[in-house]
Amino acid sequence: MNPPDRIEELLSATKDAFASGALVQLKLGGYHGDEPELKAVLVKKISTKAGDKYSFTYRYKTRDTIKNFSQPEALALLRDGLRDAFRSAQLATTEFDMMFERNGAKIRLKRTEVEGRTAPSTDHNRAKNRPLSETDKPWLKALGLAGKNGAIRNDAQDKFRQINKMVEIFAPLVAAIKAEQPLIVDMGAGKGYLDFALYDYLATVAKRPVRIVGVELREQLVSDGNATAKASGFAGLSFEAGTIMEYDASGADAVIALHACDTATDDAIFKGIRAGAALIAVAPCCHKQIRRQMEAGQPDAQLEPLLRHGIFVERQAEMVTDTLRALLLELNGYKTKVFEFVSDAHTPKNNLIVAEKDGRAGRDREAVLKQIADIKVMFGIEQHYLEGLLGQ
């Protein structure tokens, strides 16, 4: 089968899944076109008043743009993109997955059967069961999620859904902290989406006293965040300017960091451990430090097929980096778990490491140290950055 035929086979499968209601998602990646900040395109089916549409989410470095297309328009865009601009695509349906990879003129298409998967709802205007149901609030408007009329903007629905999911996850974790008024420190807070959403829910819905401090390097975001917190009446929410390592986290009951790049995630973990925080939760972003060592080192020869291609090296680096983080947290007295906290339809960096302090320090220490050492030897790694911070 020649390359154009493989593209048509993928498009035909997408079209059939769309028609039958079996489409979960089509994700295009490996972009190398004319838009330098475009990272990926996510495609799903939605039902609108004008009929069923293909909804394209264009994922840029700092923003998402959503556009809806008819079937002819969508298939034409996909065809052009797969021919030239995107090196990979992943089609997920309720019955099978298709993996598309293009390397120059060579194209691979692999189909894998699946079971037990359901398609997401396509109702564009369905009622939402969310922790934050009241949307006419100053912080939602200030962060660009709600319009002047108090309704969530159409192009912010995915983001609003994402922060609600994060509140669903973090609220019970905070509730489990024994402190009467826990201090939560968000390292690399950015605009403070999670901080505002979590504080709003805890203070106004759950009635749980809490203090949240967002640490952010960019002073304008700090100023904006404090002004919005004041306008919202959130007395226990504030933002401070500085780096993660400069910030004194002493007394923090929880340290969180969402999408702190590369070793900044480790800085946040280190600060949490040193503060003796009851909860450390991080959603890592980028894994450059370990990847560079894997590429420069001498991994076990048996791993050569897994590390032959750049995309596999990247995925292995992510897995190894976060596995070592989890083990180092266990070594320092934390019970850890790693899971997908939002769908990759919202963000490709969607793994969350949650560590709760439970006095495990000293238990099975030698076994954990051996696991860390064995992984490093296997993948040709000299030292994980977090090891250096901890002096271990």
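Here are four exercises with worked solutions on a predicted model.

**Exercise 1. The antiparallel sheet**

Task: In the open sheet that contains β1 to β7, find the strand order, say which strands stand at the edges, and place helix α2 against the sheet.

Solution:
- Step 1. Begin with the pairing: the order is β4-β3-β2-β1-β5-β6-β7, and the seven strands pair in the antiparallel sense.
- Step 2. Now look for strands with a single partner. These are β4 (64-69) and β7 (106-113), so each has one side without a neighbour in the sheet.
- Step 3. Add the geometry: from one strand to the next, the twist averages 15°.
- Step 4. Zoom in on one pair. Five bridges join β5 (residues 86-93) to β6 (residues 96-103), an antiparallel pairing. Here glutamine 90 has methionine 99 of β6 as its bridge partner.
- Step 5. Finally, place the helix. α2 (residues 71-85) lies across β1 (23-31), β2 (38-48), β3 (51-60), β4, β5 and β6, and it runs at about 35° to β3.

**Exercise 2. The mixed sheet**

Task: Work out the order and the edges of the open sheet that contains β8 to β14, then describe how helices α4 and α9 lie across its strands.

Solution:
- Step 1. The order reads β10-β9-β8-β11-β12-β14-β13, seven strands with mixed pairing.
- Step 2. β10 (237-241) and β13 (334-340) each have a single partner strand, so they are the edges, with one side of each lacking a neighbour in the sheet.
- Step 3. The average twist from one strand to the next is 15°.
- Step 4. For a pair within the sheet, take β12 (residues 279-285) and β14 (residues 351-357), which run antiparallel and are joined by four bridges. Alanine 281 stands opposite valine 354 in β14.
- Step 5. Helix α4 (residues 157-175) lies across β8 (183-187), β11 (254-261), β12, β13 and β14, at about 5° to β14. Helix α9 lies across β12, β13 and β14, running at about 155° to β13.

**Exercise 3. The two sides of α8**

Task: Which residues of helix α8 (residues 288-296) are buried, and what covers them?

Solution:
- Step 1. Recall the periodicity: an α-helix has 3.6 residues a turn, so residues three or four places apart point the same way.
- Step 2. List the buried residues of α8: Gln289, Ile290, Gln293 and Met294.
- Step 3. Check their directions. They cover an arc of only 130° around the axis, so they lie on the same side of α8.
- Step 4. Turn to the other side of α8, where Glu295 and Ala296 are exposed.
- Step 5. Find the cover: it includes α9 (310-331), α10 (365-379) and α11 (385-390).

**Exercise 4. Salt bridges, buried or exposed**

Task: The structure holds 16 salt bridges. For the one between arginine 111 and glutamate 113, and the one between lysine 137 and aspartate 200, are the partners buried, exposed or partly exposed?

Solution:
- Step 1. In the pair of arginine 111 and glutamate 113, the closest N and O atoms are 2.8 Å apart.
- Step 2. Arginine 111 has 46% relative accessibility and counts as partly exposed, while glutamate 113, at 52%, is exposed.
- Step 3. Lysine 137 and aspartate 200 also meet in a salt bridge, at 2.8 Å from N to O. This pair links distant parts of the chain, 63 residues apart: lysine 137 is in the loop between β7 and α3 (138-142), and aspartate 200 is in helix α5 (residues 193-205).
- Step 4. With 15% relative accessible area, lysine 137 is buried; aspartate 200, at 1%, is buried too.
- Step 5. To finish, look for shared partners: salt bridges join Lys44, Asp158 and Arg161 into one network.

How values were computed: Residues numbered from 1 in each chain as written. Predicted model: local features only at pLDDT ≥ 70, side-chain atom pairs only at ≥ 80, totals over all residues. Heavy atoms only, no water. Pairing = 2+ DSSP bridges. Helix = DSSP H or I, 4+ residues; strand = E, 2+ residues; numbered from the N terminus. Axes fitted to C-alpha atoms, helices over the stretch in contact; angles between N-to-C directions. Contact = heavy atoms within 4.5 Å. Buried < 20%, exposed > 50% of the residue type's maximum accessible area, 1.4 Å probe, protein only. Arc of directions from axis to C-beta. Salt bridge = Lys/Arg side-chain N within 4 Å of Asp/Glu carboxyl O.
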